[in-house]
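Here are a few exercises to work through with the structure open beside you. Try each task before you read its solution.

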Amino acid sequence: MLLIVSGPSGAGKSTVIHKLFDKRGDIRFSVSVTTRAPREGEQDGVHYHFRSPEQFQKMIEEDAFLEYAVYTGASYGTPAEPVKRDLEAGSSVILDIEVQGAAQVMAKMPEAVSVFLCPPSVEELERRLRGRGTDTEEKIKKRLETARVEYSQADQYDYIIINENADRSEER
Ligand code: 5GP
């Protein structure tokens, strides 16, 4: 199964996904390519493949992405080959991607199961983004603005999960 998990940044996507991995060793995580700078503790090849805008552009030209999008000033993309390989090997694959990319995957692979994970409110989202302490004020503002647009896409998804509590969201 190809599982798309999308929703505003700060909704708790990675927390819920990591909880799921702890229980299910047979699920593979698709490591995305991004042009944004690594945050403290992030490792190349584990959290993301960190690449220059030129390298990213080259991958677009080589048609190497299943989907890609620009999100708050940086590019993000899912390399197509590992997803294909893992699905063919019989594994389930999870994509943690934003809404523009999710729409591209839904169009290309209608059999994918899509989940929109959102925080209980925009106020709670703001609290979480600030609490994370990883982004500048300007970046937080941009992410909140983007979140309002993202919320309007929620009805395109197979499931909507309101993430009040990461343990309960993972169970669902
Ligand atoms: P962050 O910079 O906080 O790691 O991620 C920002 C947003 O980009 C998140 O909503 C995350 O789900 C999304 N994202 C991560 N990887 C990809 C990708 O490969 N494609 C797309 N479209 N979005 C991604």
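**Exercise 1.** Sort the residues of the shell around the ligand into nonpolar, polar and charged.

*Solution.* Start with the classes: Ala, Val, Leu, Ile, Met, Phe, Trp, Tyr, Cys and Pro count as nonpolar, Asp, Glu, Lys and Arg as charged, and the others, Gly among them, as polar. The shell then divides into 5 nonpolar, 5 polar and 7 charged residues. A residue belongs to the surroundings if one of its heavy atoms lies within 4 Å of the ligand. Before going on, note that this is a predicted model, where local features need pLDDT of at least 70 and side-chain atom pairs count only at pLDDT 80 or more, while totals for chains, interfaces and linings use all residues. Residues are numbered from 1 along each chain as its sequence is written, and side-chain values use heavy atoms, leaving out hydrogens and water.

**Exercise 2.** Find which residues come nearest to the ligand, and then look at the polar contacts (pairs of N or O atoms within 3.5 Å).

*Solution.* First, of the 17 residues around the ligand, the nearest are Arg36, Tyr48, Tyr76, Asp96 and Glu98. Next, take the side chains in turn:

- Tyr48 has a side-chain N or O atom 2.5 Å from an oxygen atom of the ligand.
- Asp96 places a side-chain N or O atom 2.6 Å from a ligand oxygen atom.
- Glu98 has a side-chain N or O atom 2.6 Å from a nitrogen atom of the ligand.

Finally, the protein covers 95% of the 520 Å² of accessible area (Shrake-Rupley method, 1.4 Å probe) that the ligand has on its own.

**Exercise 3.** Which elements give two or more residues to the shell around the ligand?

*Solution.* Strands are DSSP runs of E with at least two residues, numbered from the N terminus. Two elements fit the task: β5 (65-71) and β6 (74-79).

Notes:
A polar contact is a pair of N or O atoms within 3.5 Å; within protein, one must be able to donate a hydrogen and the other to accept it, and residues adjacent in sequence count only if both atoms are side-chain atoms. Helices (H or I, at least four residues) and strands (E, at least two) are DSSP runs, numbered from the N terminus.
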